[in-house]
Amino acid sequence: FPDVVLSNEIKDDGWWFRPQETEDQWIARTRRVAEQLKSRGGSDDRIVIVTHGGFTKDLLSELLNGGPIEGGSFSTCNTAIGHLVFGHDSFHLTYLNRVAHLPPKWVT
């Protein structure tokens, strides 16, 4: 992917060199990412986020509900793809949990 631009924080040996996050830190990070995405709404930017399912779940909860959804959750398969389009004051969830790139036996 020769056109991908990585953050200067990401070095050859990775990017995470801190202790495990607390739940409050996790939620704060989720909120920051959601705000960053919203702030780029309406631009021509294309952003790819590669993350774990737990963060996907909480990011979607933040975007849709402003925080954790009481009694509910989002679930995604491994390597599933989601597509969101952000406007100036809105976003559109085009698809979530797409796994068409995988053979059925690999879907987990």
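**Pockets, core and selected residues of a predicted model**

In this predicted model, T94 is partly exposed, because its relative accessible area of 38% falls between the limits of under 20% for buried residues and over 50% for exposed ones. T94 belongs to strand 2, and, when residues up to four places away in sequence are left out, T94 touches H83 and V85. Another residue to which T94 can be related is G82, which stands 12 residues away in sequence, with a C-alpha to C-alpha separation of 7.5 Å in space.

The overall architecture may be described next. The protein contains two helices and two strands, and these elements follow one another along the sequence in the pattern α-α-β-β. Taken along the principal axes, the C-alpha atoms fill a box of roughly 35 × 35 × 35 Å. The protein has 108 residues, of which 17% count as buried. Among the contacts with a separation of 6 or more, 40% are made by residues that are 24 or more positions apart.

The largest nonpolar core consists of seven residues, namely V33, A34, L37, F55, L59, L63 and F86, and helix 1 and helix 2 each supply at least two residues of this core. In soluble globular proteins, nonpolar side chains tend to be buried together. One member of the core, A34, touches L59, E62 and L63 when residues up to four places away in sequence are not counted. Of these contacts of A34, L59 and L63 are themselves listed in the core.

Attention then turns to the open spaces of the model. The largest pocket has a volume of about 1600 Å³, and, of the 30 residues that line this pocket, S7, I10, V48, I49 and V50 are the closest to its centre. Helix 1, which spans residues 23-39, gives the most to the lining of the largest pocket, contributing eight residues. By class, the lining of the largest pocket comprises 15 nonpolar, seven polar and eight charged residues.

The second largest pocket has a volume of about 1200 Å³ and is lined by 33 residues, with I47, V48, I49, G82 and H83 lying nearest its centre. Two or more residues of this lining come from each of helix 2 (53-65), strand 1 (81-86) and strand 2 (91-98), and the most are given by strand 1, with six residues. The lining of the second largest pocket divides into 16 nonpolar, 13 polar and four charged residues. V48 and I49 are listed among the residues closest to the centre of the largest pocket, and V48 and I49 are also listed among those nearest the centre of the second largest pocket.

Apart from the pockets, the count comes to one cavity of 30 Å³ or more, and the largest cavity has a volume of about 50 Å³. The residues that line the largest cavity are W26, I27, T30, D58, S61, E62, G67 and P68, and helix 1 and helix 2 each provide at least two residues of this lining. The lining of the largest cavity contains three nonpolar, three polar and two charged residues. E62, which takes part in the lining of the largest cavity, is also one of the residues that A34 touches.

A side-chain interaction may be described at E21, a residue found in the segment before helix 1. The side chain of E21 makes a polar contact with the side chain of R29, at 2.7 Å. Not counting residues up to four places away in sequence, E21 touches W16, W26 and R29, and W26 is also among the residues that line the largest cavity.

The backbone angles of two residues remain to be considered. Most residues other than glycine have a negative phi. T79, although it is not a glycine, has a positive phi of about 60 degrees, and T79 is placed in the loop between helix 2 and strand 1. T79 is exposed, because its relative accessible area of 51% is over the 50% limit. N97 likewise has a positive phi in a residue other than glycine, near 70 degrees, but the place of N97 is in strand 2. With a relative accessible area of 27%, N97 is partly exposed.

Conventions:
Residues are numbered from 1 along each chain as its sequence is written. This is a predicted model: local features need pLDDT of at least 70, side-chain atom pairs count only at pLDDT 80 or more; totals for chains, interfaces and linings use all residues. Side-chain values use heavy atoms; hydrogens and water are left out. On a 1 Å grid over the protein atoms alone, a cavity is a set of points where a 1.4 Å probe fits but cannot get out, and a pocket is an open set with protein on both sides within 12 Å along at least five of seven lines; lining residues have an atom within 4 Å of a point. Grid points are joined across faces, edges and corners, and a volume is the space filled by probe spheres set on the points. Helices (H or I, at least four residues) and strands (E, at least two) are DSSP runs, numbered from the N terminus. Ala, Val, Leu, Ile, Met, Phe, Trp, Tyr, Cys and Pro count as nonpolar, Asp, Glu, Lys and Arg as charged, and the others, Gly among them, as polar. A polar contact is a pair of N or O atoms within 3.5 Å; within protein, one must be able to donate a hydrogen and the other to accept it, and residues adjacent in sequence count only if both atoms are side-chain atoms. Contact means heavy atoms within 4.5 Å. A nonpolar core is a set of buried Ala, Val, Leu, Ile, Met, Phe, Trp, Tyr and Cys residues joined through side-chain atoms within 4.5 Å. Buried means under 20% relative accessible area, exposed over 50%, partly exposed in between (1.4 Å probe, protein chains only).
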